[in-house]
Amino acid sequence: MSSSWPTRLASQYLDNLPEVDAAFLLPHPGDAELLCGGTIRKLVQAGKKVAILDLTAGEAGTRSELEVRLDQADEAAAILGVTWRGCVRLPD
């Protein structure tokens, strides 16, 4: 993961959301990258700033440890070039 990114991107909240061109709001960490990754990448390649907001941390449905899932979502967002990623952390 890029060293300029915080350790836990999915812990960010809306108070530090920068101005973006497109925002993806999905229920679980990794959903945006998995379901919308191609669109996200095309937007980033077109010079657009993209944000991802997860509604939950995915604790109810994860097949791996929660921290592993959050790490994977952070890494995927970094690879795609996402400007900002956060999590509301509603109960899953």
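These legends walk through several close-up views of a predicted model of a protein.

**View 1. The whole protein, from end to end.**
Let us begin with the overall layout. The protein has two helices and three strands, and from the N terminus on they come in the order β-α-β-α-β. Of its 92 residues, 39% are buried. The accessible surface comes to about 5300 Å², and carbon and sulfur atoms account for 55% of that area. Contacts in this chain often reach far along the sequence: among those between residues at least 6 apart, 82% join residues at least 24 apart.

**View 2. Helix α1 and its kink.**
Here we follow helix α1, which covers residues 31–45. How far apart are the end C-alpha atoms of α1? They are 20 Å apart, which agrees with the 21 Å that 15 residues should span at 1.5 Å a residue. The helix also has a kink of about 85 degrees, centred on Gly 37. After α1 comes Gly 47, a residue with a positive phi, near 90 degrees.

**View 3. The buried residues of α1 and what covers them.**
Which residues of α1 are buried? They are Asp 31, Ala 32, Glu 33, Cys 36, Gly 37, Ile 40 and Val 44. Gly 37, the centre of the kink, is therefore one of the buried residues of this helix, as the under 20% cut-off for relative accessible area defines them. The cover over these buried residues includes strands β1 (22–26), β2 and β3 (84–90), together with helix α2 (66–80).

**View 4. The largest nonpolar core.**
In soluble globular proteins, nonpolar side chains tend to be buried together. In this model, the largest nonpolar core is made of twelve residues: Ala 22, Phe 24, Leu 26, Ala 32, Cys 36, Ile 40, Val 44, Val 50, Ile 52, Ala 77, Leu 80 and Val 82. Two or more residues of this core come from each of β1, α1, β2 and α2. The largest share belongs to α1, which gives four residues. Look out for Cys 36 here: leaving out residues up to four places away in sequence, Cys 36 touches Phe 24 and Asp 31.

**View 5. Asp 31 in helix α1.**
Now we zoom in on Asp 31, which lies in α1. Is Asp 31 buried or exposed? Its relative accessibility is 14%, so Asp 31 counts as buried, the cut-off being under 20%. The side chains of Asp 31 and His 28 are joined by a polar contact of 3.1 Å. Beyond its neighbours within four places in sequence, Asp 31 is in contact with Leu 26, Cys 36 and Arg 69.

**View 6. Arg 69 in helix α2.**
One of the contacts of Asp 31 takes us to Arg 69, a residue of helix α2. Why does Arg 69 count as buried? Its relative accessibility is 18%, and buried means under 20%. A polar atom of the Arg 69 side chain lies 3.1 Å from the backbone oxygen of Pro 29.

**View 7. Leu 53 in strand β2.**
Our last stop is Leu 53, found in strand β2, which covers residues 50–56. With a relative accessible area of 15%, Leu 53 is buried. Where does helix α1 come into this view? Ala 32, one of the buried residues of α1, has its C-alpha atom 8.5 Å from that of Leu 53, although 21 residues separate the two along the chain.

Technical notes:
Residues are numbered from 1 along each chain as its sequence is written. This is a predicted model: local features need pLDDT of at least 70, side-chain atom pairs count only at pLDDT 80 or more; totals for chains, interfaces and linings use all residues. Side-chain values use heavy atoms; hydrogens and water are left out. Buried means under 20% relative accessible area, exposed over 50%, partly exposed in between (1.4 Å probe, protein chains only). A polar contact is a pair of N or O atoms within 3.5 Å; within protein, one must be able to donate a hydrogen and the other to accept it, and residues adjacent in sequence count only if both atoms are side-chain atoms. Contact means heavy atoms within 4.5 Å. The expected span of a helix is 1.5 Å times one less than its number of residues. The bend at a residue is the angle between axes fitted to the seven residues ending there and the seven starting there. Accessible areas come from the Shrake-Rupley method with a 1.4 Å probe; for residues, only the protein chains shown count as cover. A nonpolar core is a set of buried Ala, Val, Leu, Ile, Met, Phe, Trp, Tyr and Cys residues joined through side-chain atoms within 4.5 Å.
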